[in-house]
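This briefing covers a metal site, aromatic contacts and nonpolar packing in one protein chain. Please read it with the model open.

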Amino acid sequence: MKRVFSFAAVLFLLAACGNETPAPTNHDNHKAQESTPAPSTPAVTSGNAIVLNGGDDMKFDQTAITVIANEVVKLTLNHTGKMSKEAMGHNFVLLKPGTDINKFATEAIAAKDNDYVPTNAAAVLAHTKVLSGGESDSIEFTITEKGEYPFICSFPGHSAIMQGVITVK
Ligand SMILES: [Cu+2]
């Protein structure tokens with residue numbers, strides 16, 4: 001009698017698993033799919049939001065960025081490393097098209113007290129402050145003319161590697 005009973009119990013459990021468990025799961029999945037909104041228009045028209053990272057490896061994680069002319073660009077620079085800004089500081093400096101980067105970077109060395117941005121530099125369109133590891137800075141700017149705008153980190157010795165281009169369309 002005992003043995004028959006346990007077979008029945010096993011059969012009951014199997015039946016419970018086989019019939020009841022999958023049904024609600026399928027139902028839930030179906031509902032989840034239905035309630036997920038369809039992909040809409042990409043955020044590019046209201047976007048111009050840039051997150052740029054630089055770490056202790058002395059590199060920007062992006063070197064080619066595209067934004068839209070006449071729309072506010074919000075750029076956040078994150079120093080993702082751990083080193084101090086005295087040893088491995090990073091900033092973001094946006095320059096006018098055609099700027100001589102080597103010449104500018106050489107002049108910038110003397111501007112340590114102004115985040116390595118010469119105060120009289122006509123080539124500078126926007127810049128962040130110099131960051132230590134773990135710090136962030138956000139700036140906003142608008143570019144009205146389409147073109148290719150070089151950007152660099154003007155910390156001494158960094159611009160040869162830490163540079164890129166923002167294409168304004
Ligand atoms: Cu740097």
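A residue counts as buried when its relative accessible area is under 20%. By that standard, Tyr 116 and Phe 155 are both buried. The model is predicted. The points below start at the copper ion and then move to the aromatic pairs and the nonpolar cores.

**Copper site**

- Four residues coordinate the copper ion: His 90 through ND1, Cys 153 through SG, His 158 through ND1 and Met 162 through SD, at 2.1 to 2.7 Å.
- Along the sequence, these donor residues follow the spacing H-x62-C-x4-H-x3-M.
- The angles among the four donor atoms run from 82 to 131°, and the site is irregular.
- A tetrahedral site would need all angles between 85 and 135 degrees, so the 82° end of the range falls outside that window.
- Cys 153 has 0% relative accessibility and therefore counts as buried.
- Met 162 is likewise buried, with a relative accessible area of 0%.

**His 158 and its surroundings**

- His 158 sits in the loop between β7 and β8.
- His 158 counts as buried because its relative accessibility is 3%.
- Setting aside neighbours within four places in sequence, His 158 is in contact with Met 58, Met 88, Gly 89, His 90 and Cys 153.
- Two of these contacts, His 90 and Cys 153, are also donors to the copper ion.
- Ala 105 is 53 residues away from His 158 in sequence, with 8.7 Å between their C-alpha atoms.
- Ala 105 belongs to helix α4, residues 101-108, and is buried at a relative accessible area of 11%.

**Aromatic pairs**

- There are four aromatic pairs in the structure.
- Phe 92 and Phe 151 make a tilted pair, with 5.4 Å from centre to centre and 35° between the planes.
- That pair joins distant parts of the chain, 59 residues apart: Phe 92 is in the loop between α3 (85-88) and β4 (93-95), and Phe 151 is in strand β7 (residues 147-152).
- Both Phe 92 and Phe 151 are buried.
- The ring centres of Tyr 116 and Phe 155 are 5.3 Å apart and their planes meet at 70°, so this pair is edge-to-face.
- The Tyr 116 and Phe 155 pair also links distant parts of the chain, 39 residues apart: Tyr 116 is in the loop between α4 and β5 (124-127), and Phe 155 is in the loop between β7 and β8 (163-168).
- Phe 60, Phe 92, Phe 141 and Phe 151 together form one aromatic cluster.

**Nonpolar cores**

- The largest nonpolar core has 27 residues, of which Phe 92, Leu 94, Phe 141, Phe 151 and Ile 166 touch the most other members.
- At least two residues of this core come from each of β1 (49-54), β2 (64-67), β3 (72-79), β6 (136-142), β7 and β8.
- Strand β3 contributes the most to this core, with three residues.
- Apart from neighbours within four places in sequence, Leu 94 is in contact with ten residues named here in full: Ala 123, Val 124, Leu 125, Ala 126, Phe 141, Ile 143, Tyr 149, Pro 150, Phe 151 and Ile 166.
- A second core, separate from the largest one, has ten residues, including Leu 95, Ile 101, Ala 123 and Ile 152.

Notes. Residues are numbered from 1 along each chain as its sequence is written. This is a predicted model: local features need pLDDT of at least 70, side-chain atom pairs count only at pLDDT 80 or more; totals for chains, interfaces and linings use all residues. Side-chain values use heavy atoms; hydrogens and water are left out. Donors are N, O and S atoms within 2.8 Å of the metal (3.2 Å for Na, K and Ca); water is not among the atoms, so sites may look incomplete. Four donors count as tetrahedral if all angles lie between 85 and 135 degrees; four count as square planar and six as octahedral if opposite donors are over 155 degrees apart and all others between 65 and 115; anything else is irregular. Buried means under 20% relative accessible area, exposed over 50%, partly exposed in between (1.4 Å probe, protein chains only). Helices (H or I, at least four residues) and strands (E, at least two) are DSSP runs, numbered from the N terminus. Rings of Phe, Tyr and Trp (its six-membered ring) pair if their centres lie within 6.5 Å; planes under 30 degrees apart count as stacked, over 60 as edge-to-face and the rest as tilted. A nonpolar core is a set of buried Ala, Val, Leu, Ile, Met, Phe, Trp, Tyr and Cys residues joined through side-chain atoms within 4.5 Å. Contact means heavy atoms within 4.5 Å.
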